[in-house]
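Here is an informal tour of one protein model, with a short stop at each part that is worth a look. Keep the viewer open as you read.

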Amino acid sequence: MEQSEHKEGIDLEKKYKFKELKVYASTEWLADNKKKYRQVFDRYEVAYIYAELSFYNRQFDRKDWPIAVKLRAFSNEHGKRKELCELILEKTVSKHDPIVYLREGWGNRNEGSFWKRGTYCWEVWINDVHEATKYFYIEDADEVVGPQHNPYFDLRSVRVYEGPFDDVPVQERVYHEVFEDEETRYIYGEFTFKNLNTARPWQCEFFAKFYNGARELKGQIVRLQKIDKGQDMVTITAGWGSNVKGSWRPGDYTLELVFMDHLQVVVPFEVDNCFIAGVPAVRIPYRKLPIVLNAEEDQHESFDEVLAKLDQLIGLGEIKKKVREHANYLQFLKLRREFGFSEEEDINIHSVFIGNPGTGKTTVAQMMGKIYRKMGLLSSGHVHQVDRVDLVGEYIGQTAPKVKEAIEKARGGVLFIDEAYALARTNDDTKDFGREVIEILMKEMSNGAGDLAVIAAGYPKEMLHFLNSNPGLKSRFKLVYRFSDYMPQELAAIAQYACTKKEIKLTAAARKHIQDLITDAFRRRDRSFGNARFVFDLLDQAKINLGLRIMRKANHHGLNSDHLKLVRLEDVQRIDIAPAEQIPKIPIDTKLLEQSLKELDGLIGMIAIKKEIHELVTLVRYYRTIGKSVMHTFNLHTVFIGNPGTGKTTVARILTKIYKALGILERGHMVETDRQGLVAGFVGQTAIKTAERIDEAMGGVLFIDEAYALTSGSSGASSAADYGNEVVQTILKRMEDHRGAFFVFAAGYPENMESFLKANPGLRSRFDKILRFKDYSVSELVEIAQHMFLEKDYQLTDTALEQLKKHLSSLHNFRDQYFGNARSVRNVVEQAIKSQNLRMSNLAKGHEQDSRIIQLEDVQAFRDETDEFIFSKKRIGFRSSDG
């Protein structure tokens with residue numbers, strides 16, 4: 001519609017040049033001699049409506065001159081013009097004014113008494129020449145427009161996008177929170193609202209104002225749009241920028257929407273070095289905190305229609321029932337309040353979702369957001385998904401801002417915390433930032449700004465630990481939904497749904513094979529089973545195989561749509577759910593094998609262990625000869641049980657070299673670690689740290705010393721054991737998934753290792769080989785000592801040897817579980833050599849002796865200390881005290 005008319009052509013005798021005719025109602029002065037110019041006014045807000053005439057003074061800086069102006073106001077009802085007033089203005093134009101402004105108005109001092117709903121205009125005549133006409137509109141929604149009340153519309157969606165001068169079709173719009181400075185042209189705001197004034201048509205006038213970070217006005221767009229009677233949803237766009245890329249500088253910006261002189265929404269966005277897709281959280285003036293307003297395809301759905309969509313989900317029978325009952329109870333509470341009941345009970349919409357992957361937790365969370373929105377409990381119902389990484393900071397002081405930012409992005413909808421258990425470390429650990437996240441969340445759920453539902457999701461066992469990690473969590477999360485694994489028949493229905501989504505069709509034989517794959521996977525499932533994700537992955541692979549089969553054809557002529565969507569049996573037969581890892585066939589390294597066995601045989605004692613290893617070598621060589629798989633016959637994961645100093649680590653290193661020589665191991669190295677090298681600070685990170693150690697050991701051996709420390713205390717409530725159990729679970733899975741690619745050697749003391757093997761049923765079945773290292777006998781201890789002396793180029797005299805035997809015999813007779821065996825012998829040898837060296841240094845010149853001989857006096861300190869052993873042994877009772 002043409003809003004103003006201006007007589008073109010310039011009279012050379014005119015002393016002015018027409019500039020503009022504007023309309024306003026507020027007498028408030030703005031900067032640069034401006035007013036609040038508008039074309040649409042609400043009946044109840046206006047008393048007078050003014051016309052502002054402006055023109056350029058052609059006699060500027062020359063002389064003063066007189067002018068006669070006539071302003072006429074008309075109403076336009078049903079196409080008939082009716083004059084409301086005629087105002088005559090006679091004025092002397094000063095030669096000092098380059099631009100002249102004349103203002104005059106008409107109405108009544110009482111707001112809402114003169115101007116009625118309708119179409120109006122101002123006409124301006126200068127020296128009896130008609131210069132311009134300006135239309136304006138008075139609207140009436142039967143209620144007064146206020147800062148917190150808008151009877152004309154309800155804003156439902158606010159999004160921003162980039163495009164050229166002539167805008168972007170709806171289906172091609174890509175919505176962003178951050179725009180790339182070098183690629184951005186115009187930035188558009190898209191505002192979708194529900195029309196609340198459907199009884200009549202009306203004129204909608206939007207002011208879209210773009211500000212930079214310094215609150216400088218970058219640009220303003222005015223949108224005037226007629227809203228038809230009965231029109232339900234309306235979308236209006238407004239953009240500012242340039243068709244030349246690079247007109248936007250990096251920084252923070254806001255887009256503000258003003259209607260009827262009231263600020264409706266503030267939309268923050270950022271210009272930086274790259275685009276980031278998303279919908280920004282906007283600020284509503286009367287709300288304390290930002291919310292996300294995002295248009296949805298189902299924005300016209302009723303509450304019952306949303307529940308009906310929930311019922312259409314495959315499976316989840318118990319979940320559907322519980323959600324519907326919860327929704328009905330919330331409606332019951334609202335009904336009681338409408339009837340005047342006090343209802344001190346708060347409406348709690350925070351919940352915990354417990355279940356394995358792919359069981360529908362995220363889908364139901366989105367449904368919950370819609371349900372709560374339809375019930376008026378949430379303003380937008382959107383879902384903002386986060387995990388530990390999005391909430392926990394790296395340093396002190398970073399966590400709280402990250403959590404609050406996530407909360408504000410979710411405000412109005414659902415904050416969905418995936419793998420929430422990762423926020424809870426040990427129950428007594430006050431140093432983890434995850435604990436700070438939990439405390440902030442509890443405060444928000446208790447007395448926060450509201451308009452938020454928090455849903456915490458994760459694996460069953462870990463989520464129970466999460467709820468127990470803080471006494472206040474259970475009282476905040478009163479709703480617990482348990483998502484069971486889908487049944488095979490439900491997974492088959494999901495497969496049919498996936499085919500529809502992916503626009504493929506299965507032949508009968510292909511469908512049967514898919515069902516067989518699903519059933520087999522269901523039977524073998526563990527807690528990592530993907531459920532619906534697994535099914536979608538199957539169909540993705542089937543579609544890929546279909547495409548590869550089609551593209552292998554030399555001639556693509558004659559193909560139709562049926563050929564391109566029909567998945568055959570051969571396509572699904574090529575799906576490899578768990579491709580077997582290829583174990584390299586490495587020939588036996590005879591030289592290395594001989595060296596390794598010689599090194600083993602050179603060890604003192606260990607007769608039974610040497611025999612067992614020799615038998616293993618014989619069997620492996622035989623199996624290699626007849627072509628029998630060693631990996632399918634032996635696990636070769638080994639437990640080393642024995643007291644300190646019995647040679648466990650030494651034998652482990654030799655055995656690793658033997659496996660390498662036999663071609664069983666690809667690299668043949670040994671990665672040595674213990675609990676500290678495997679356990680991390682919190683649940684979730686431990687699995688990553690363990691996986692890194694296993695990756696290092698691939699092609700070799702992972703040697704875990706004092707392995708019992710991983711399961712110690714597992715029968716109690718100790719959370720430290722939970723991290724050790726996480727190590728065990730990770731190792732067991734990798735042992736199964738990468739069978740033959742690496743071996744695990746677990747070492748420790750006898751009693752502790754028995755408890756270790758009993759702590760998890762999977763441990764004893766994976767470790768089918770146990771090597772038991774007995775304490776050395778006295779003669780073996782003496783032999784070890786003599787060997788150590790020889791290694792250091794020392795010899796014992798007969799008397800020194802006898803004294804050494806007596807001492808080692810005493811050590812052996814009174815040994816306990818902490819006896820060091822070869823380690824104790826090494827201490828004795830080192831002490832004897834030290835005594836000999838001190839004796840040699842005190843000899844006078846001319847009395848030198850052979851420096852390699854250990855004499856009796858060098859070992860005399862090792863007298864028989866039986867009494868000391870007797871009184872120092874641990875016993876039950878009271879210790880006697882002298883004096």
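## The three-stranded sheet

Start with an open sheet of three strands, ordered 10-12-15 and paired in the antiparallel sense. Its edge strands are strand 10 and strand 15 (233-241), and each of these pairs on one side only. From one strand to the next, the twist averages 20 degrees. Bear in mind that this is a predicted model.

Strand 10 and strand 12 (residues 186-195) run antiparallel and are joined by ten bridges. Across from Phe 153, in strand 12, stands Asn 195. Phe 153 is worth remembering, as the next section picks it up again.

## Aromatic rings around Phe 153

There are 43 aromatic pairs in the structure. Take Phe 153 and Phe 206: the ring centres are 5.6 Å apart and the planes sit at 70 degrees, so this pair is edge-to-face. Phe 153 belongs to strand 10 (residues 153-163) and Phe 206 to strand 13 (residues 202-212), so the pair links distant parts of the chain, 53 residues apart. How covered are these two, buried or exposed? Both Phe 153 and Phe 206 are buried.

Another edge-to-face pair is made by Trp 202 and Phe 259, at 6.2 Å centre to centre with 70 degrees between the planes. Trp 202 sits in strand 13 and Phe 259 in strand 16 (residues 251-259), so this pair ties together parts that are 57 residues apart in sequence. Trp 202 is buried, its relative accessible area being 1%, and Phe 259 counts as buried too, at 0% relative accessibility. Zoom out a little and both pairs turn up in one aromatic cluster, made up of Tyr 152, Phe 153, Phe 191, Phe 193, Trp 202, Phe 206 and Phe 259.

## Charges over rings

Elsewhere, rings have charged company. The charged end of Lys 22 sits over the ring of Tyr 37, at 4.3 Å from the ring centre. Arg 81 does likewise with Phe 74: its charged end sits over that ring, 3.9 Å from the centre.

## Two asparagines with positive phi

Asn 33 has a phi near 60 degrees, which is a positive value in a residue other than glycine. You'll find Asn 33 in the loop between strand 2 (16-24) and strand 3 (40-42). With a relative accessible area of 30%, Asn 33 is partly exposed.

Asn 127 also has a positive phi without being a glycine, with a value near 50 degrees. Its place is the loop between strand 8 (118-126) and strand 9 (129-139). Asn 127 counts as partly exposed, at 41% relative accessibility.

## The five-stranded parallel sheet

Further along comes an open sheet of five strands, with the order 22-23-24-21-25 and parallel pairing. Which strands stand at the edges? They are strand 22 (383-386) and strand 25 (479-483); each has a single partner strand, so one side of each is left without a neighbour in the sheet. The twist in this sheet averages 20 degrees from one strand to the next.

The single partner of strand 25 is easy to trace. Strand 21 (residues 351-355) runs parallel to strand 25, and five bridges join the two. One of the matched positions is Gly 355, whose bridge partner in strand 25 is Phe 483.

## A helix crossing

Next, look at helix 9 (residues 488-502) and helix 11 (residues 532-551). Their axes come within 9 Å and cross at roughly 45 degrees, which makes helix 9 oblique to helix 11. The crossing of helix 9 and helix 11 is right-handed.

## Strand 28 and its neighbours

How many residues of strand 28 (residues 638-642) are buried? Five of its five are, so the strand is mostly covered by the under 20% cut-off. Thr 638, Phe 640 and Gly 642 point one way from strand 28, while Val 639 and Ile 641 point the other way, and all are buried.

Strand 28 has parallel neighbours as well. Four bridges join strand 28 to strand 31 (residues 743-748), with the two running parallel, and Phe 640 has Ala 747 as its bridge partner in strand 31. Strand 28 also pairs with strand 32 (residues 769-773) in the parallel sense, over five bridges. There, Val 639 has Ile 770 of strand 32 as its bridge partner.

Conventions:
Residues numbered from 1 in each chain as written. Predicted model: local features only at pLDDT ≥ 70, side-chain atom pairs only at ≥ 80, totals over all residues. Heavy atoms only, no water. Phe/Tyr/Trp six-rings, centres within 6.5 Å; stacked < 30°, edge-to-face > 60°. Buried < 20%, exposed > 50% of the residue type's maximum accessible area, 1.4 Å probe, protein only. Lys NZ or Arg CZ within 6 Å of the ring centre and 35° of its normal. Pairing = 2+ DSSP bridges. Axes fitted to C-alpha atoms, helices over the stretch in contact; angles between N-to-C directions. Parallel < 35°, antiparallel > 145°, perpendicular 65-115°, else oblique. Left-handed = near helix turned anticlockwise from the far one by under 90°.
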